Amino acid sequence: MLSIARYLGALTLSLLRELGRMLLFILYALYMIVRAPGKPVHILKQLSFIGAKSFFVIFLTAAFTGMVLALQGYYTLTKFGSEGMLGSVVALSLIRELGPVLSALMVTGRAGSAITAEIGIMRITEQIDALEVMALEPFKYLMSPRILGALIALPLLCAIFDVIGIYGGYLVGVKLMGVNPGAYFHEMEKSVEWKDVYSGILKSVSFGLIISWICCYKGYYTSRGAEGVSRSTTAAVVMSSVLILVWDYFLTSVLL
Amino acid sequence: MIELFRVTKAFGDQVVLNHLDLTIPTGKITAVIGPSGEGKSVLLRHIIGLLKPDMGRVIVDGEDITHMSRAELNRVRERFGFLFQNSALFDSMTVFENVAFPLQEKTRLSKDEIRDRVRRALEDVGLRDVDDKYPDQLSGGMKKRVGLARALLLKPDIILFDEPTTGLDPIICNAMHRLIKETHQRYGFTAVIVTHEVPSIFDICGYVAMLYRGRIQMRGTPDEIRASEDPVVRQFINGELEGPLKFV
């Protein structure tokens, strides 16, 4: 009985300590971004890595998401005889929800895991310690460019995702299923408001913060060895993905 | 002068440093010897503030670095160079970029001046035509020399060596020792070398401190250490299997 209580207590304490450490990490990282954002070339490099190099995977997922949305939407809407609304169904689901969330999940898998692995390997091979003993701030060189890169890249990727998804939906809905092309875009234009676009952008910016935060944090506190790196990478991807979905729910309920 | 007062450090239940006292004189080479896993590297990391002691104080030239803010600590670290056990070169950069990095980030030297100084630093450690190689294309000994060049570049007052010869063959090991001695004579820095390279380290160092069970078992000149009657010291420097040191 006592040992169960002790176990639960220790678990709670270590959880609290971890949460506190994570909070301090992001606060210090944000402070360092304001004080020493790092060289533009480093930020551009991360922007290219997180953003530009994710284009292909975003393109593919967006196209197929839009296409399947059109298929499913068409199937449902014909039941009510309102397949003309297909454009607004596709656009609203993408812009409000699927664009930000799916692009963030894809970036987590592609770039987030790489961020954790890279920083984790720098940690276990003492490269982070090397920065510290040279009196160079690791956050300035490693965290700031990545966090800024993710904050800029995510909304851009999300916008690309939305546009490609809408055209994917157009391809299937109009060209394949025969929805009136005028109706597809007209209904879309009528129903999508600035608020929808804005909430999508806000979401993807916050997802950018979540991805860079969790992935940098997990890499920075990697424990010894190859196993440590693999463990942090897995943990970073799982945790970022879950956090993205949970945070998405809260944000949606606030922004709705 | 670097002084450690009653420094205690534990990781979980394992006490690594136990009320350790040590004074390291300025401008000399001090070797810290001792069996593997006795916390020699941990001791070295305390001197530069990479680890904080659970108890006790670390004082560098009169300044207590134990409770310093990051900014203050960085100011003290400007005076240090550190050679890591595995060199800790940035693996995404070439040799040249690695050595140039601290100069680029901390000084306002022009590109030509940086190139000159990096070339000279690499030549000082006997390296040529490796500028464009990446660390994973170098042998262990070469990496250590690049690490030494990087540590020497900003002309630090104090250089800490974490097992500079581990994993090197005996010839390169001696060459490394000679390199340390020569650069020490040229630049006159304070050196702390963590090593278990006995007795060859005795040829280059002014003082030896032996770490055992979290404390300094003995400290003295190489001759004093050699002449020591202490069974632990005797067993270690002679590499005997029988004695107070137990190997499992």
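Me: How far apart do the C-alpha centres of domain 1 and domain 2 of chain B lie?

Reply: The C-alpha centres of these two domains of chain B are 26 Å apart. Keep in mind that this is a predicted model.

Me: Which residues of chain B belong to each domain?

Reply: The domain assignment gives 1–79 + 156–248 as domain 1 of chain B, and 89–155 as domain 2. Domain 1 is thus written as two stretches of chain B.

Me: How many residues does each domain of chain B put into the contact between them?

Reply: Domain 1 of chain B contributes ten residues and domain 2 of chain B contributes ten residues. On the domain 1 side, helix α6 (residues 170–187) of chain B gives the most, with five residues. That side of domain 1 of chain B divides into eight nonpolar, two polar and no charged residues.

Me: Now the sheet. What holds strands together in general?

Reply: Strands of a sheet pair through backbone hydrogen bonds, and the pairing is either parallel or antiparallel. In chain B there is an open sheet of six strands, in the order β6-β7-β8-β3-β9-β10, and its pairing is mixed.

Me: Which strands are at the edges of this sheet of chain B?

Reply: They are β6 (80–83) and β10 (215–220) of chain B, each of which pairs on one side only. Averaged over the sheet, neighbouring strands are turned by 15 degrees against each other, direction ignored.

Me: How many bridges join β7 to β8 in chain B?

Reply: Five bridges join β7 (residues 158–162) of chain B to β8 (residues 190–194) of chain B, and the two strands run parallel. To find one such bridge, start at Ile159(B): its partner in β8(B) is Ala191(B).

Me: Which strands does helix α1 of chain B touch?

Reply: Helix α1 (residues 40–47) of chain B packs on the sheet and touches β3 (29–33), β7, β8 and β9 (207–212) of chain B. The direction of α1 makes about 155 degrees with that of β8(B).

Me: What describes two packed helices?

Reply: Two packed helices are described by the angle between their axes and the distance between the axes. Take α3 (residues 95–106) and α5 (residues 140–152) of chain B: they pack at an angle of about 25 degrees, with axes 8 Å apart. That angle makes α3(B) roughly parallel to α5(B). Their crossing is right-handed.

Me: Which residues make the contact of α3(B) and α5(B)?

Reply: From α3(B) come Val95(B), Asn98(B), Val99(B) and Pro102(B), and from α5(B) come Val146(B), Ala149(B) and Arg150(B). These divide into five nonpolar, one polar and one charged.

Me: At what angle do α4 and α9 of chain A cross?

Reply: Helix α4 (residues 86–124) and helix α9 (residues 225–255) of chain A cross at roughly 150 degrees, and their axes come within 9 Å. The cut-off for roughly antiparallel is over 145 degrees, and α4(A) and α9(A) are therefore roughly antiparallel to each other. This crossing, too, has a hand: α4(A) passes α9(A) in a right-handed one.

Me: Which residues meet there?

Reply: Among them are Gly109(A), Gly112(A) and Gly120(A) in α4(A), and Gly225(A), Gly228(A) and Ser232(A) in α9(A). The contact of α4(A) with α9(A) divides into ten nonpolar, twelve polar and one charged.

Me: How many residues of each chain are in contact with the other chain?

Reply: 13 residues of chain B are in contact with ten residues of chain A. In chain B, α2 (70–77), β6 and α3 each supply at least two residues of the side that touches chain A. That side of chain B divides into eight nonpolar, two polar and three charged residues.

Terms used
Residues are numbered from 1 along each chain as its sequence is written. Chains are lettered from A and ligands numbered from 1 in the order in which they are written. This is a predicted model: local features need pLDDT of at least 70, side-chain atom pairs count only at pLDDT 80 or more; totals for chains, interfaces and linings use all residues. Axes are lines fitted to C-alpha atoms, for helices over the stretch in contact, and angles run from 0 to 180 degrees between N-to-C directions. Helices (H or I, at least four residues) and strands (E, at least two) are DSSP runs, numbered from the N terminus. Angles under 35 degrees count as roughly parallel, over 145 as roughly antiparallel, 65 to 115 as roughly perpendicular and the rest as oblique. A crossing is left-handed if the near helix is turned anticlockwise from the far one by less than a right angle, and right-handed if clockwise. Two residues are in contact if their C-beta atoms, placed from the backbone, lie within 7 Å. Ala, Val, Leu, Ile, Met, Phe, Trp, Tyr, Cys and Pro count as nonpolar, Asp, Glu, Lys and Arg as charged, and the others, Gly among them, as polar. Two strands pair if DSSP finds at least two bridges between them. Domain bounds come from an automatic or database domain assignment.
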